[in-house]
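Me: I would like to go through some of the labels attached to this model and ask what each of them rests on.

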Amino acid sequence: MNALLAACLVMPLLSPASAGAAGCGGRPADFDDDGRADLAVAAPYTGSRAGSVIVLYGSGRKATLRQDGAERGDSFGSALAAGDFDGDRCADLAVGVSEEFSGPARPGADGDGAVQLYRGGPRGLTPWRQLTLPRPGGHRYGAALAAGDLDGDGDDELAVGAPGQGRGGGVTVHFLGKRKPYPITQQTGWVGQRGNATDQWGAALATGDFDGDGRAELVVGAPADSVTTDGQGSVTVLDPLRKRASLLTQDSPGIKGASEKWDAFGASLATGDFNADGRADLAVGAPGEGLSANQRAMDYGDGMVHAVYGSGSGLRTTRSEAWTQRVLKGEPRYYDRFGAALAAGDFNGDGDSELAIGVPGERAVQVLAGTRSGGLTRKGNLLIAGRGRDFGSSLAALASAPRYRLLARSRPVSGLVVAAPGDGVLTLVPGARRPGAYPGLRAGEAEKLSTGSGLYGYAFG
């Protein structure tokens with residue numbers, strides 16, 4: 001364990017005043033409070049897989065974040081999440097370091113993991129503190145991250161996934177009600193799941209206020225969960241304050257399709273308001289779903305995406321949809337992995353969210369428009385073909401794209417950032433203001449945003 005890590009384990013949470021922050025405008029993903037959207041881009045394999053994160057500030061400035069005492073194989077940037085974790089209205093950044101060992105490296109073992117926090121402010125991001133689990137154990141803590149206001153106090157909590165923790169995986173929620181870190185596993189009493197060692201519970205995370213009560217719920221993906229059949233996958237929706245949990249699988253009443261081996265339901269997650277009713281809706285990727293002939297077990301999958309809509313009582317599976325390329329532009333193939341990545345954003349400026357779906361096996365992204373009359377629609381669905389061997393492997397909605405535009409507009413139009421991490425290329429597809437059942441994105445005006453190495457674009461924050 002390096003000296004910095006040891007110090008961080010006993011460092012108290014600094015207040016905004018003690019950090020010298022004067023308060024910011026409360027704009028999400030604006031790390032330097034200049035009124036422009038910023039984007040953090042992970043490159044976890046740079047420097048012998050020690051990893052780095054490149055921050056693309058809306059002003060045009062770039063900054064590179066690296067871990068103090070970085071070591072080979074740490075994978076700094078295994079996950080990213082932006083949120084206001086200290087309540088000063090400045091956007092902060094959490095960086096997963098899932099393969100770091102808290103002591104000497106154990107050859108052949110998974111990393112124990114850590115999370116590095118950076119505090120936002122007028123100068124941009126500055127190092128803050130590091131989070132770890134109390135005991136090492138190959139947990140891969142930091143493999144997934146999500147930020148959201150889970151307790152309704154106005155600032156964000158940070159959920160950290162550790163898919164290798166214990167029997168099946170785990171999630172730790174930080175800053176909940178200003179309490180100590182709150183660990184949750186499948187075996188937590190109020191969650192009530194059995195759990196298997198290979199479930200990967202916590203490999204994907206998202207937050208959203210599905211019932212409109214002003215507090216977000218936490219969504220945990222377990223893409224290898226074997227509830228009734230090997231590797232079918234599952235999603236668990238958690239309310240940590242009320243200690244409520246609900247399990248979703250492709251066998252849940254109202255969910256289209258059926259659980260099959262290696263579907264990987266829950267491998268990707270995204271939340272947005274697809275029908276503009278003021279409540280968050282949930283999109284769940286099942287990239288291993290087989291539709292065509294000649295499926296090859298765990299190798300790949302045609303893929304499917306499920307949409308479940310929020311209501312006054314939370315997510316309602318009776319109001320759900322299943323999307324595949326059988327009903328959209330394109331053709332399903334066993335290697336497409338439709339749904340391997342998801343991103344929601346208002347790409348046409350009409351107040352509801354559109355859904356972007358990564359199809360990396362096809363080197364493409366599929367985009368569905370949201371509507372006030374019923375949510376996602378196939379009308380006008382857009383298939384964006386790209387370059388790069390894994391174009392569509394990760395996605396991010398970037399508010400007020402093209403970059404450098406101020407966020408002051410009451411209803412900004414988002415653009416879509418698409419990564420081909422294997423080639424280290426980011427593509428920006430700008431949005432356009434056009435209300436109604438239109439995806440909004442202008443594929444013909446797509447441009448190269450940035451390039452890098454080391455799986456550049458593996459994750460965004």
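Reply: Gladly; bear in mind that this is a predicted model. A place to begin is D33, which sits in the loop between α1 and β1.

Me: Why is D33 called partly exposed?

Reply: The relative accessible area of D33 is 24%, and partly exposed covers what lies between under 20% and over 50%, so D33 is given that label. Its phi, near 55°, is positive although D33 is not a glycine.

Me: What makes W262, in the loop between β15 (244–248) and β16 (268–272), partly exposed?

Reply: The reasoning runs along the relative accessibility of W262, which is 29%; because the label applies between the 20% and 50% limits, W262 counts as partly exposed. Phi of W262 is near 65°, again a positive value in a residue other than glycine.

Me: Why does D390 count as buried?

Reply: Buried requires a value under 20%, and D390 has 15% relative accessibility, so the label holds. D390 lies in the loop between β23 (377–385) and β24 (394–399), and, apart from neighbours within four places in sequence, its contacts are P360, A419, A420, P421, G422 and D423.

Me: How do you know that a disulfide joins C24 to C90?

Reply: The sulfur atoms of C24 and C90 are 1.8 Å apart, and the cut-off is within 2.5 Å, therefore the pair qualifies as a disulfide. C24 is in the loop between α1 (3–9) and β1 (39–43) and C90 in the loop between β4 (76–83) and β5 (92–97), so the link ties together parts 66 residues apart in sequence. Both cysteines, C24 and C90, are buried.

Key:
Residues numbered from 1 in each chain as written. Predicted model: local features only at pLDDT ≥ 70, side-chain atom pairs only at ≥ 80, totals over all residues. Heavy atoms only, no water. Helix = DSSP H or I, 4+ residues; strand = E, 2+ residues; numbered from the N terminus. Buried < 20%, exposed > 50% of the residue type's maximum accessible area, 1.4 Å probe, protein only. Contact = heavy atoms within 4.5 Å.
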